[in-house]
Amino acid sequence: MAGFWDVIDAVGSFGSMVLAGAAGFVAYRLYSVESERDLRAEELQRQQAADRLRQQAAGVGFWHDAARDTYCVFNASSLPIYQVVVWRSSVGRNQAAKVHPALRPDELLEVPDGRKRPAATGVQTVTLVRRGDDTSVVRFADNANTWWERDLQGSLSQVEPPL
């Protein structure tokens, strides 16, 4: 009879090891699934923060009004933008920048091209290094102090802050 109970003990011990292994596997899978879900949630939060940040910059329009010979910057976002710089350049000329300290929501900034009219009052003119191509851009800082650049074709990109 002692052999029978030894077999029962052996089967019970083996069954306990199998159950412990299965429980360990289930715990590992739960941990893996939970970790993966947390990583996806963090990535989604980062993406949403980046989208919110870009959303303000996307609300800033920039165009050249040829009829009035001015560059126009319009802040259609719900927050102000700061250090608005309009860079004008043309082949063979130095680039000039018009600096404006801030632009409130729904405010339009008109910067004369400068070739036909004098500069607007309250706007500082700075001469910069010549660019090799025909480009005009506006650079500005959003409410989170992130710097953006928009060109006349509507392209928007994040840029390094000026020194």
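Glu107 is found in strand E5, which covers residues 107-112. In this predicted model, Glu107 offers a convenient point of entry to the fold. Leaving aside neighbours within four places in sequence, Glu107 is in contact with Val73, Phe74, Asn75 and Ala102. For one of these residues, Asn75, the separation along the chain is 32 residues, whereas the C-alpha atoms of Glu107 and Asn75 are separated by 5.7 Å.

The overall layout may be described next. The protein chain contains 1 helix and 9 strands, and their order along the sequence is α-β-β-β-β-β-β-β-β-β. The helix, H1, spans residues 2-58. Of the contacts in the protein chain that link residues at least 6 apart in sequence, 57% join residues at least 24 apart. The contact of Glu107 with Asn75, two residues that are 32 apart along the chain, is an example of such a link.

The protein chain has 163 residues, and buried residues make up 30% of them. The area exposed by the protein chain is about 10700 Å², of which carbon and sulfur atoms supply 58%. Part of the surface is a nonpolar patch formed by Phe25, Val26, Tyr28 and Leu30, which together have about 460 Å² of accessible area. Leu30, a member of this patch, belongs to helix H1. Its relative accessibility is 57%, and Leu30 therefore counts as exposed, the cut-off being over 50%.

The discussion now turns to the strands that follow the helix. Strand E1 (residues 60-65) pairs with strand E2 (residues 70-75) in the antiparallel sense, over 6 bridges. Within this pairing, His64 has Tyr71 in E2 as its bridge partner. E1 and E2 form a hairpin with 4 residues between them, and Asp69 in the turn has a positive phi of about 55 degrees. Thr70 lies in strand E2 and is buried, with a relative accessible area of 2%. Thr70 also illustrates how residues distant in sequence are placed in space: Leu109 is 39 residues away from Thr70 in sequence, and their C-alpha atoms are 9.6 Å apart.

Tyr71, the bridge partner of His64, also takes part in an aromatic pair. A pair of aromatic rings is described by the distance of the centres and the angle of the planes. The structure holds 1 aromatic pair. The rings of Phe62 and Tyr71 have centres 6.0 Å apart and planes at 15 degrees, so this pair is stacked. The reasoning rests on two cut-offs, because rings pair if their centres lie within 6.5 Å and count as stacked if their planes are under 30 degrees apart. Both residues of the pair are withdrawn from the surface: Phe62 is buried at a relative accessible area of 6%, and Tyr71 is buried at 4% relative accessibility.

Towards the end of the chain, strand E8 (residues 147-151) deserves separate attention. Of its 5 residues, 5 are buried, so strand E8 is largely enclosed by the rest of the structure. The burial extends to both faces of E8: Trp147, Glu149 and Asp151 lie on one side, Trp148 and Arg150 on the other, and all are buried.

Strand E8 has pairings with two strands. With strand E7 (residues 136-141), E8 pairs in the antiparallel sense over 5 bridges, and Val137 stands opposite Asp151 in E8. With strand E9 (residues 156-159), E8 pairs in the antiparallel sense over 4 bridges, and Trp147 has Val159 in E9 as its bridge partner.

Each of these pairings is also a hairpin. The hairpin of E7 and E8 has 5 residues between the strands, and Asn145 takes a positive phi near 65 degrees there. The hairpin of E8 and E9 has 4 residues between the strands, and in this hairpin Gly154 takes a positive phi near 95 degrees.

Asn145 lies in the loop between E7 and E8. At 57% relative accessibility, Asn145 counts as exposed, whereas the residues of strand E8 are buried. Pro161 is 16 residues from Asn145 along the chain, and the C-alpha atoms of the two residues are separated by 8.7 Å.

Methods: Residues are numbered from 1 along each chain as its sequence is written. This is a predicted model: local features need pLDDT of at least 70, side-chain atom pairs count only at pLDDT 80 or more; totals for chains, interfaces and linings use all residues. Side-chain values use heavy atoms; hydrogens and water are left out. Rings of Phe, Tyr and Trp (its six-membered ring) pair if their centres lie within 6.5 Å; planes under 30 degrees apart count as stacked, over 60 as edge-to-face and the rest as tilted. Buried means under 20% relative accessible area, exposed over 50%, partly exposed in between (1.4 Å probe, protein chains only). Contact means heavy atoms within 4.5 Å. Accessible areas come from the Shrake-Rupley method with a 1.4 Å probe; for residues, only the protein chains shown count as cover. Two strands pair if DSSP finds at least two bridges between them. Patches are made of residues with over 30% relative accessible area and no salt bridge: like charges are joined within 9 Å, nonpolar side chains (Val, Leu, Ile, Met, Phe, Trp, Tyr) within 5 Å. A salt bridge is a side-chain nitrogen of Lys or Arg within 4 Å of a carboxyl oxygen of Asp or Glu.
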